[in-house]
Amino acid sequence: MFRFVSVTLAAVMLVMPLTISAQGKDPLSFNRLMADPETRNAPPPDDGIHDPANPATDMLQSPREAFGPLPDANAGNYVDWVKALQEGLIHPRYDLKDPDMTPTVMDLDIVREVKGSMPDVVFPHKEHTEWLDCANCHPAIFIPQRGANQLSMAAILMGEQCGACHGRVAFPVTQCRACHSRSKTPADDAAKKEEAK
Amino acid sequence: MSVPRWAHPKALQTGLLAALLCAALVMLPGPKAWAEYGDVVINNYSEESGMRPVVFPHWFHRIRFRCKVCHGDLGFEFQAGGNEINMLKIIDGEYCGACHNGNIAWGVENCELCHSAKPGTDTQVHGSTLKSLVTPGDQGQ
């Protein structure tokens, strides 16, 4: 029996340092802090901020259950909310009391030419006015006048301007190309199309 | 030829199995918070009043209401903890109380359905850019 225990211990001591060092040398170890698909949209008792000791936590709906029929996205809630709304998969009310009130949608794209090497930003009023009222953004966050708003990624990262929603509840700022979506020159676009053919 | 007892295949097999189990335990990840992006924790007054902090699930509410309903009509600012909501205002029908009155959504007597965060959780928007930036001071907002 003593021999069995000692052999087991020896084997464990041999294997343990190997596994620990393997964690550090794994070329994918940078990924260790990111949520893997299995842990996404966890039910409240397992999500780390709800208290499992609270008896009511178990009564709350699991996001995984609610998101089942909704279209996927790559970040945030991993739900494409805009698509979900446009395809009629969700029917969020526009008014608290009146279920039939519909938003006044304004279909106007604002192209913002950016100074750096990133593609220009196309801001679609349409997707925003489907969820929001004009007064949510204008004039407190954005002055409704061409050229009147000096935007910067630094401010957005700090939760100002677009960052009032993007990076908090709307798709996060890691989705660069969702906003920076128009190539600098039409010639670039034409060249890309040629390549694709 | 007699084999020593410790070198018996069965003993070796068991030893190896135990070693693998221990190794697996070492490699198990620790506890992490994977709460939903946009979940707002509000702890302005809760804990000092002896209640758990509030978790507001944005995702649950945006399935039912567009942003405009709360952030336009009900007057919620775009800032976690920035509305100075207290139970008196809610009972008077302001903020959460516009719906959480027992008619549209559950009433205020269901304390623990909202006051459900782990004790000690700070006011924050979970998963927000600010929460993940390494900046001093006004984190989490």
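The following dialogue shows how several features of this predicted model may be read.

Me: How far may the model be trusted, and what are its ipTM and pTM scores?

Reply: Since this is a predicted model, one begins with its confidence values. The model scores ipTM 0.78 and pTM 0.77. For chain B, the mean pLDDT is 84, and 76% of the residues reach 70 or more. Over residues 25-31 of chain B, however, the pLDDT is below 50. That stretch has 6 contacts in the model beyond near neighbours in sequence. Where pLDDT is low, the predicted coordinates should not be read in detail.

Me: Which helices and strands does chain B contain, and in what pattern do they follow along the sequence?

Reply: One may count the elements and then read them in order. Chain B has 6 helices and 3 strands. Along the sequence, the pattern is α-β-β-α-α-α-α-β-α.

Me: In what order do the strands of chain B lie in the sheet?

Reply: The order in a sheet is to be read separately from the order in the sequence. In chain B, the 3 strands form an open sheet in the order β2-β1-β3, with antiparallel pairing. The edge strands are β2(B) and β3(B), each of which pairs on one side only. Between β1(B) and β3(B), which run antiparallel, there are 2 bridges. One may locate this pairing at Val41(B), whose bridge partner in β3(B) is Gln124(B).

Me: Which residues make up the largest nonpolar core?

Reply: The general idea is that in soluble globular proteins, nonpolar side chains tend to be buried together. In this model, the largest nonpolar core has 9 residues, among them Val40(B), Val41(B), Ile42(B), Val54(B) and Val55(B). Cys114(B) and Val125(B) also belong to this core. Both β1 (40-42) and β2 (54-56) of chain B give two or more residues to the core, and the largest share, 3 residues, comes from β1(B). Of the 141 residues of chain B, 30% count as buried.

Me: How many residues of chain B are in contact with chain A?

Reply: The size of an interface is often given as the accessible area lost when the parts come together. Here one may instead count residues: 53 residues of chain B are in contact with 56 residues of chain A. On the chain B side, α1(B) gives the most, with 9 residues. Other helices that each supply at least two residues include α2 (58-64) and α3 (67-73) of chain B. By class, this side of chain B has 30 nonpolar, 11 polar and 12 charged residues.

Me: Which residues does Ala56(A) touch, and is Ala56(A) buried or exposed?

Reply: A single residue is best read by its place, its contacts and its surroundings. Ala56(A) lies in the loop between α1 (2-25) and α2 (63-67) of chain A. Ala56(A) touches Glu112(B), Leu113(B) and Ser116(B), residues up to four places away in sequence not being counted. As for burial, Ala56(A) is partly exposed, because 17 other C-beta atoms lie within 10 Å, whereas 20 or more would be needed for a buried residue.

Me: Into which domains is chain A divided?

Reply: One reads the bounds, then the separation, then the contact. Chain A is divided into domain 1 (44-90) and domain 2 (109-191). Taken over C-alpha atoms, the centres of these two domains of chain A are separated by 26 Å. The contact takes 5 residues from domain 1 of chain A and 6 residues from domain 2 of chain A. On the domain 1 side, these residues divide into 4 nonpolar, 1 polar and no charged.

Definitions and conventions
Residues are numbered from 1 along each chain as its sequence is written. Chains are lettered from A and ligands numbered from 1 in the order in which they are written. This is a predicted model: local features need pLDDT of at least 70, side-chain atom pairs count only at pLDDT 80 or more; totals for chains, interfaces and linings use all residues. Two residues are in contact if their C-beta atoms, placed from the backbone, lie within 7 Å. Helices (H or I, at least four residues) and strands (E, at least two) are DSSP runs, numbered from the N terminus. Ala, Val, Leu, Ile, Met, Phe, Trp, Tyr, Cys and Pro count as nonpolar, Asp, Glu, Lys and Arg as charged, and the others, Gly among them, as polar. pLDDT is the predictor's confidence in each residue, from 0 to 100. A residue is buried if 20 or more other C-beta atoms lie within 10 Å of its own, exposed if 12 or fewer, and partly exposed in between; C-beta atoms are placed from the backbone. A nonpolar core is a set of buried Ala, Val, Leu, Ile, Met, Phe, Trp, Tyr and Cys residues joined through C-beta atoms within 7 Å. Two strands pair if DSSP finds at least two bridges between them. Domain bounds come from an automatic or database domain assignment.
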